[in-house]
Amino acid sequence: MEKKQWYKDKVFYQIWPRSFKDGNGDGMGDLLGVYEKLDYIKSLGCDGIWFSPLYPSPGVDCGYDISDYNDIAAEFGGMEAFKKVLEGAHERDMKVIMDLVVNHTSTEHEWFKKSRERIEPYTDYYIWRPAKSNGKLPNNWDSLFEGKAWAWDEVRNEYYMHLFAIEQADLNMDNPLVREEVKNILRFWLDMGVDGFREDVITFISKKEGLPDDRIMPASKGIGYYNHGPRLHEYLEEFHRDVFSHYDCMVLAEAPMINPKKALEYIDENNNPVLDMMIQFATQEADCLFTDFNHIPFSLRKLKRAYSNWQNGLEGRGWNMLYIENHDHPRMVSRYGSEKFRRESAKMLAVSYLFLKGTPFVYQGQEIGMSNWYPSDPEMYEDVQTRWQYFNVGTKRSPEKRLQRLWHGSRDSARTPVQWSAEPNAGFTTGEPWFYVNENYVDVNVASQEQDADSVLNFYRKAIALRKALSCVRHGDYREYNKLSSSLYTYSREDEKQKILVVCSYTEKEVPFKAPQGFDLASAELKLQNYAKADSALLKPYEVRVYLWEK
């Protein structure tokens, strides 16, 4: 089948199901709540949905520890509710993609239970190793979530690998039977009508033969031996050949520690691509080192470098996935913007990425400028990674400093319930919410912003509509200006019909502004702005403008 590239014209909305909308009053977000809000999502201009995991799961890693790939969890409404949402989305000309998590499963999965009992054919479905002769771990690799990458199983009397939580056992993708299981999962959902997948840490599925000790990395030991491992491309090509090439679907791959050159090994449209897009982390690293918990002052130059490297690096060969928020990072207003200038900076951040070349993703709550959550007690955090960081990293620091580190870095800030109204529990549920609601919901919510023509929500609608109306955003060339500026991000998009100039101020100070050479603002139409009046020579705090020239 010749695959269409419909994803290049879509804007996706990411739903993290637990916290989107509770439709039955039990305190947990569910598919009934999603169904109720399909028209809302469509009203944003979004015509695709990415669901974070909906499968049955013990919930150790909020659904990324899957115990059954071929079902929908009862707390989300089960399979019938999913089919109703899928049908409702398709009726609205919206695509639906699922999260595919096959680097690991829950230790509650039937495969793992049988593997630990050495029941064939499941014996080698996971990465098992005995202790070394001196009683030590099989190697010195680290888990990215908690401790070392090995856990002892008393039933099998061996260690199993877990690159993430202890209850997330890594699958042995070198076993062809495991790869057949993955292909069956893919076919199951594609045959149902799902339009594609976002593949979770898919670049980790091939580990270096022999699993050698890591003598290079001082931290996160082992990552050089499993990220982009020796048979990764072979396995992705197999999945593409045997499954994806037979469906009109999209495949988006999460890829930590990747650059454009490496990405093109998988997504180069001129050279038999095995994936459609990759999720890079570079644009999430302008205020941290390696992980969100290692906070440093925000650097606009670092952010601009990341944006431009990906725009230029993929030009004419690969397609960008664009995002500023998702379920794995704190809220962007609190990171790259300003809670003091929440409305202004939320609008500016929206424009900064929505007019780049690629397929934009909007994360739930981003469209109203939701911000970080600041709990008073570390025990209030739900996330397994966050809790490990507090109780095991930097323990010589004061409790206050350790808690502030979580405020900067925890992904739980992106997982508080969506703030629908100023009603109790932010209108998320009529019951007791499964997780804490951000206290600012009275001021920051969908209902109030629906009534405000100048709200962040309505600005997102305008920005997305403008993006879709401009051919130069879909097809045009990208060029950055003022590269050395630590306050302004300025770029243009241009095709044979039109050109735009996007001007973004990333500071709460007023900044002098002069249009780049060749851009006569007097002959342009100011299509989008976040202040009522625009001073041609001066930008206000977090001001943004989009100028258009028709040819």
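For the residue classes used on this tour, Ala, Val, Leu, Ile, Met, Phe, Trp, Tyr, Cys and Pro count as nonpolar, Asp, Glu, Lys and Arg as charged, and the others, Gly among them, as polar. The structure on display is a predicted model.

**First stop: the largest pocket**

Select Leu144, Phe145, Phe290, Thr291 and Gln385. Among the 44 residues that line the largest pocket, these five lie nearest its centre. The volume of this pocket is about 950 Å³. How do the residues of its lining divide by class? There are 18 nonpolar, 14 polar and 12 charged residues in the lining of the largest pocket.

Next, colour strand 13 (291-295), helix 12 (384-392) and helix 13 (399-409), since at least two lining residues of the largest pocket are supplied by each of them. Which of the elements gives the most to this lining? Strand 13 does, with four residues.

**Second stop: helix 12**

Remain with helix 12 and display the side chains of Val384, Gln385, Thr386, Gln389 and Tyr390, which are buried. The buried residues of this helix pack against strand 13 and helix 13. Gln385 thus appears twice on the tour: as a buried residue of helix 12 and as one of the residues nearest the centre of the largest pocket. Then move just past the end of helix 12 to Gly394, where phi is positive, at about 60 degrees.

**Third stop: the cavities**

Rolling a probe the size of a water molecule over the atoms shows where empty space is left. Over the whole structure, the search finds six cavities of 30 Å³ or more. The largest cavity has a volume of about 80 Å³. To find it, select Gln280, Thr283, Ala306, Tyr307, Trp310, Gln311, Asn320, Met321, Leu322, Tyr323 and Leu356, which form its lining. Two elements, helix 9 (300-314) and strand 14 (321-322), give two or more residues to this lining. The largest share, four residues, comes from helix 9. By class, the lining of the largest cavity contains seven nonpolar and four polar residues, but no charged ones.

Now select Ile324, Glu325, Met332, Val333, Ala346, Leu349, Gln366, Gly369 and Tyr460, the lining of the second largest cavity. Helix 10 (332-335) and helix 11 are the elements that give two or more residues to it. The space in the second largest cavity comes to about 50 Å³. Its lining divides into six nonpolar residues, two polar residues and one charged residue.

**Fourth stop: helix 11 and the sheet**

Follow helix 11 (residues 342-354) away from the cavity lining. Which strands does this helix lie across? Helix 11 crosses strand 17, strand 18, strand 20 and strand 22 (544-550), and runs at about 140 degrees to strand 18.

These four strands belong to an open sheet of five strands, in the order 16-17-18-22-20 and with antiparallel pairing. Why is one side of strand 16 (477-481) and of strand 20 (525-529) left without a neighbour in the sheet? Both strands stand at the edges and each has a single partner strand, so one side of each has no neighbour there. From one strand to the next, the twist averages 20 degrees.

**Last stop: a strand pair**

Finally, select strand 17 (residues 488-494) together with strand 18 (residues 498-505), which pair in the antiparallel sense over seven bridges. Centre the view on Ser492, whose bridge partner in strand 18 is Leu501.

How values were computed
Residues numbered from 1 in each chain as written. Predicted model: local features only at pLDDT ≥ 70, side-chain atom pairs only at ≥ 80, totals over all residues. Heavy atoms only, no water. Pairing = 2+ DSSP bridges. Axes fitted to C-alpha atoms, helices over the stretch in contact; angles between N-to-C directions. Contact = heavy atoms within 4.5 Å. 1 Å grid on protein atoms, 1.4 Å probe; cavity = no way out; pocket = protein on both sides within 12 Å on 5 of 7 lines; lining within 4 Å. Points joined across faces, edges and corners; volume = space filled by probe spheres on them. Buried < 20%, exposed > 50% of the residue type's maximum accessible area, 1.4 Å probe, protein only.
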